[in-house]
Amino acid sequence: DDSLQQLVEDLRQEAREEFESIKGIDASELDGYVDAFVADGLSRITRRVSMELDDDGEAQAQFEWVQRERRPTVVAPLPCPDTHRCGVCGRASSRHVASPFEVALISNNAEEAAPGLFHQRGKTARALEDVQLPAVMSLARRALTITGTTFNASLTLAGGLLTRIAAEPDGALQAPSQKPYWEAHVDQDNKQAYDYSALVYFEDGGVDFEGGALIFEDGETILPRRGRLVAFSSGPENGHRVARVERGARTALALWFTCVQPE
Ligand SMILES: O=C(O)CCC(=O)C(=O)O
Ligand SMILES: [Fe+2]
């Protein structure tokens with residue numbers, strides 16, 4: 001089918017262009033990234049049927065190959081606390097927000113991209129501004145848009161970290177003053193400006209690493225999956241913790257948004 005061939009060729013071209021805009025990636029890895037990008041595009045290709053009346057007034061079916069949009073976000077609404085400032089409260093989760101191309105790129109380069117602004121018991125993190133991968137910034141913008149639309153809030157990026165949590169080697173030395181990453185907390189307690197939190201994950205829990213689930217105070221547990229976005233209002237309605245990573249390593253893009261527009 002010619003039109004399908006054309007779509008695949010367009011996807012390959014798009015993949016190459018996206019790759020070429022990103023510096024510092026080993027050329028030997030190009031084919032893998034391009035294939036992942038194309039596979040993602042193909043998984044969203046579907047046939048659209050439309051009906052048209054021909055000159056004799058007969059209905060004729062027209063078929064066209066088109067790319068479906070990524071799947072929409074699912075929201076669990078929650079009552080807002082008094083301190084809440086904008087939008088609706090709740091939790092949302094959406095798969096395939098990061099494409100397999102972005103997932104492979106960021107996961108493979110996370111160690112260099114997040115060599116550790118700080119180190120916190122097996123977790124290292126680097127501020128968004130210091131991450132050298134342009135793909136991370138474009139993903140942050142996408143997460144901002146999706147979160148704002150989902151919760152009906154006009155949001156601005158207030159902070160971001162690319163984090164990597166590795167299972168700790170036995171007997172690793174700990175500074176007792178450090179807060180462990182698995183401690184339960186409310187994001188808004190870390191910074192009052194935070195109104196919404198978003199996380200994008202780059203590995204599959206239970207496959208690429210063991211443990212590391214995101215667990216809300218009421219027990220709702222979200223297992224990180226490649227490309228998955230989780231977003232939630234940052235107040236006490238969404239206290240959470242990260243389960244300890246028992247094997248492997250887990251990369252996450254953590255983002256915080258504010259409803260207060262900068263002056
Ligand atoms: O990595 C995660 O899943 C959550 C991290 C987190 O809760 C935070 O950085 O505030
Ligand atoms: Fe948090």
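Here are some notes on this predicted model, point by point.

1. **How far to trust it.** Start with confidence. The protein chain has a mean pLDDT of 84, and 86% of its residues reach 70 or more. Among its elements, strand β8 (residues 196-201) has the highest mean, at 98, while strand β5 (residues 118-120) has the lowest, at 59. Where pLDDT is low, the coordinates should not be read in detail. For the model as a whole, the scores are ipTM 0.99 and pTM 0.77.

2. **Around the ligand.** Which residues are around ligand 1? You'll find Thr163, Asp187, Leu199, Leu214, His240, Val242, Ala252 and Ala254 there. Two elements, β13 (240-242) and β14 (245-258), each give two or more residues to this shell. By type, the shell splits into five nonpolar residues, two polar and one charged.

3. **A three-stranded sheet.** Now find the open sheet with the strand order β11-β10-β13, where the pairing is antiparallel. Strands β11 (221-222) and β13 are at the edges with a single partner strand each, so each has one side without a neighbour in the sheet. Look at how β10 (residues 214-216) meets β13: three bridges join this antiparallel pair. Across that pairing, Phe216 sits opposite His240 of β13. You've met His240 already, as one of the residues around ligand 1, and Leu214 is in that list too.

4. **Helix α4.** This helix covers residues 134-151, which makes 18 residues. From first C-alpha to last, α4 reaches 26 Å, close to the 26 Å expected at 1.5 Å a residue. Its buried residues are Ala135, Val136, Leu139, Ala140, Ala143, Ile146, Thr147, Thr150 and Phe151. Why do they end up on the same side of α4? They cover an arc of only 135 degrees around the axis, which puts them on one side together. The spacing is worth a thought: an α-helix has 3.6 residues a turn, so residues three or four places apart point the same way. On the face turned away from the buried side, α4 carries the exposed residues Arg141 and Thr145. Just after the helix comes Asn152, with a positive phi near 55 degrees.

5. **One residue to click on.** Try Leu161, in strand β7 (residues 156-166). Is Leu161 buried or exposed? There are 21 other C-beta atoms within 10 Å of its own, and 20 or more is the cut-off, so Leu161 is buried. For a sense of distance, compare Leu161 with Gly41: they are 120 residues apart in sequence and 28 Å apart in space, C-alpha to C-alpha.

Definitions and conventions:
Residues numbered from 1 in each chain as written. Chains lettered and ligands numbered in written order. Predicted model: local features only at pLDDT ≥ 70, side-chain atom pairs only at ≥ 80, totals over all residues. Near = placed C-beta within 6 Å. Helix = DSSP H or I, 4+ residues; strand = E, 2+ residues; numbered from the N terminus. Nonpolar A, V, L, I, M, F, W, Y, C, P; charged D, E, K, R; others polar. Pairing = 2+ DSSP bridges. Expected span 1.5 Å × (residues − 1). Buried ≥ 20, exposed ≤ 12 C-beta atoms within 10 Å, placed from the backbone. Arc of directions from axis to C-beta. pLDDT = per-residue confidence, 0-100.
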